[in-house]
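Morning, everyone. I have one structure to show today, and I'll keep it brisk. Have a look at it first.

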Amino acid sequence: ILYSMSRSIKGPWQFKGILNKLAGNCNTNHQSIIDFKGKSYFIYHNDGMNAQGGSFRRSVCIDYLYYNKDGTIKRIIMTTEGVQPAK
C-alpha cells in the first residue's frame with residue numbers, strides 16, 4: 001500500500017511512500033484506516049487462515065497507525081498479535 005498527500009482533493013499530489021507490503025501469500029490486503037477513542041488503527045488482511053484457500057485465504061488484522069508531526073503516516077508494523085486490549 002502506497003500513499004500520497006495533497007492540500008486539495010484536486011491535487012497536486014505528492015508521493016509519500018509505502019504504508020505496508022502484501023502480507024504473505026495474499027494477492028491484496030484491502031486496507032482501511034479508522035480513528036476510535038482517540039487512537040488510529042490500520043485494518044487489513046493477511047494469509048493467516050487455513051492453507052487450503054491458496055492466495056484467497058484471508059484473516060482480518062488490526063494494528064495501530066501512527067502519524068509523524070508533519071502529518072505523514074509512519075510505516076505500518078504488521079504484527080501477529082494485532083492490537084492488544086487495555087488491561
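I'll go from the overall layout to the sheet, then the core, the rings and a few backbone details.

Ground rules first. This is a predicted model, so local features need pLDDT of at least 70, side-chain atom pairs count only at pLDDT 80 or more, and totals for chains, interfaces and linings use all residues. Residues are numbered from 1 along each chain as its sequence is written, and side-chain values use heavy atoms, with hydrogens and water left out.

Layout. The protein has five strands and zero helices. From the N terminus, the order of elements is β-β-β-β-β. Both kinds of element are DSSP runs numbered from the N terminus: helices are H or I with at least four residues, strands are E with at least two.

Burial next. Of the 87 residues, 28% are buried. Buried means under 20% relative accessible area, exposed means over 50%, and partly exposed is in between, with a 1.4 Å probe and protein chains only. The accessible surface comes to about 6,600 Å², and carbon and sulfur atoms hold 56% of that. Those areas are from the Shrake-Rupley method with a 1.4 Å probe; for residues, only the protein chains shown count as cover.

Contacts. A contact is heavy atoms within 4.5 Å. Among contacts with a separation of 6 or more, 29% join residues 24 or more positions apart.

Now the sheet. Three strands make an open sheet, ordered S3-S4-S5, with antiparallel pairing. Pairing requires at least two DSSP bridges between two strands. S3 and S5 are the edge strands, each pairing on one side only. On average, neighbouring strands here are turned by 30° against each other, direction ignored. For that angle, axes are lines fitted to C-alpha atoms, for helices over the stretch in contact, and values run from 0 to 180 degrees between N-to-C directions.

Bridge counts. S3 and S4 pair over five bridges. S4 and S5 pair over seven. Some register points: isoleucine 33 is opposite phenylalanine 42 in S4, and isoleucine 34 has tyrosine 41 in S4 as its bridge partner. On the other side, tyrosine 44 faces cysteine 61 in S5.

How enclosed is S4 by the rest of the structure? Largely, because six of its eight residues are buried.

That takes us to the core. The largest nonpolar core has eight residues: Tyr3, Leu19, Phe42, Tyr44, Cys61, Leu65, Ile73 and Ile76. S4 and S5 each supply at least two of them. A nonpolar core here is a set of buried Ala, Val, Leu, Ile, Met, Phe, Trp, Tyr and Cys residues joined through side-chain atoms within 4.5 Å. In soluble globular proteins, nonpolar side chains tend to be buried together.

Take cysteine 61. Beyond its neighbours within four places in sequence, cysteine 61 contacts Phe42, Ile43, Tyr44, His45 and Asn46.

Then there's asparagine 20, in the loop between S2 and S3. Exposed or buried? Asparagine 20 is buried, because its relative accessible area is 1%. Outside the four places either side in sequence, its contacts are Ile1, Asn29, Phe42, Tyr44, Ile76 and Met78.

Rings. There are three aromatic pairs. One is tyrosine 41 with tyrosine 64, tilted, 5.5 Å centre to centre and 35° between the planes. Tyrosine 41 is in S4 and tyrosine 64 in S5, so this pair ties together parts 23 residues apart in sequence. Tyrosine 64 also pairs with tyrosine 66, again tilted, at 6.2 Å and 35°. Ring pairs thus put Tyr41, Tyr64 and Tyr66 in one cluster. The rule: rings of Phe, Tyr and Trp (its six-membered ring) pair with centres within 6.5 Å; planes under 30 degrees apart are stacked, over 60 edge-to-face, the rest tilted. Tyrosine 41 counts as buried at 14% relative accessibility; tyrosine 64 is partly exposed at 26%.

Last, the backbone. Most residues other than glycine have a negative phi, and most peptide bonds are trans. Two places to check. The bond from glycine 11 to proline 12 is cis, omega near 5°. Proline 12 is in the loop between S1 (2-5) and S2 (14-18). Then lysine 37, in the hairpin of S3 and S4, which has two residues between the strands: phi there is positive, near 50°. Lysine 37 is exposed, with a relative accessible area of 74%.
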